[in-house]
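Hi,

Here is the structure I said I would pass on. Have a look at it first, and then read on for my notes.

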Amino acid sequence: NQPAKSVMLAWRPLGSGEFRTLPAQPVAQSVYRVTLPPADGSFEYRLAAVTTDGKPLVWPVTAPAMNQTVVRW
């Protein structure tokens with residue numbers, strides 16, 4: 001219900017290492033874009049936002065305990 005003040009992407013190699021972060025750039029109303037560097041293998045990621053009224057939001061809702069994954073074969 002509130003616009004985002006900031007949106008950050010956090011990612012790391014699947015299951016290990018420190019998360020790296022990148023800020024997402026606003027494109028249009030409630031639309032943001034972020035570009036990851038080329039992946040060497042499988043990785044996990046999550047998005048975190050803060051609304052203009054200070055409310056934190058995360059995706060997926062299970063983050064940071066369980067993040068979204070991309071598995072490369």
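Among contacts in the chain between residues at least 6 apart in sequence, what percentage join residues at least 24 apart? The figure is 52%. Keep in mind as you read that this is a predicted model.

First, the overall layout. The chain has seven strands and zero helices, so to speak a plain β-β-β-β-β-β-β when you follow the sequence. Its C-alpha trace spans about 40 × 25 × 20 Å along the principal axes. Of the 73 residues, 19% are buried. The accessible surface is about 5500 Å², and carbon and sulfur atoms account for 57% of that. On the charge side, there are 7 positive and 4 negative charges in the chain, and their mean positions sit 5 Å apart.

Now to the residue I spent time on, Glu44. You'll find Glu44 in strand 5, which covers residues 43-51. Is Glu44 buried or exposed? Its relative accessibility is 7%, and because the cut-off for buried is under 20%, Glu44 counts as buried.

Glu44 also takes part in a salt bridge, and the structure holds just one. Its partner is Arg12, with the closest N and O atoms 3.0 Å apart. Arg12 belongs to strand 1 (residues 4-13) and Glu44 to strand 5, so the pair ties together parts that are 32 residues apart in sequence. Arg12 is buried too, with a relative accessible area of 19%. As a general point, side chains of opposite charge can pair when their charged atoms come close.

The side chain of Glu44 has another polar neighbour: one of its polar atoms lies 2.7 Å from the backbone nitrogen of Gly15. Leaving aside residues up to four places away in sequence, Glu44 touches Ala10, Trp11, Arg12, Pro13, Leu14, Gly15, Ser16 and Phe19, and also Asn67, Gln68 and Thr69.

Next, some backbone details in the loops. Which peptide bonds should you check for a cis geometry? One is the bond from Trp59 to Pro60, where omega is near -5°. Another is the bond from Ala63 to Pro64, with omega near 5°. Pro60 is in the loop between strand 6 (56-59) and strand 7 (68-70), and Pro64 is found in the loop between strand 6 and strand 7 as well. Ser30 is worth a click, too: its phi is near 65°, a positive value in a residue other than glycine. Ser30 sits in the loop between strand 3 (25-28) and strand 4, and at 65% relative accessibility it counts as exposed. For context, most residues other than glycine have a negative phi, and most peptide bonds are trans.

Last, a loop residue further along. Thr35 lies between strand 4 (31-33) and strand 5, in the loop that joins them. With a relative accessibility of 60%, Thr35 counts as exposed. How far apart in space are Thr35 and Arg72? From C-alpha to C-alpha they are 18 Å apart, with their positions 37 residues apart in sequence terms.

If you open just one spot, make it the salt bridge between Glu44 and Arg12.

Cheers

Definitions and conventions:
Residues numbered from 1 in each chain as written. Predicted model: local features only at pLDDT ≥ 70, side-chain atom pairs only at ≥ 80, totals over all residues. Heavy atoms only, no water. Helix = DSSP H or I, 4+ residues; strand = E, 2+ residues; numbered from the N terminus. Buried < 20%, exposed > 50% of the residue type's maximum accessible area, 1.4 Å probe, protein only. Polar contact = N/O pair within 3.5 Å; in protein donor to acceptor, adjacent residues only side chain to side chain. Contact = heavy atoms within 4.5 Å. Areas by Shrake-Rupley, 256 points an atom, 1.4 Å probe, with all protein chains shown as cover. Lys, Arg positive; Asp, Glu negative; His and termini not counted. Charge placed at Lys NZ, Arg CZ, Asp CG, Glu CD. Salt bridge = Lys/Arg side-chain N within 4 Å of Asp/Glu carboxyl O.
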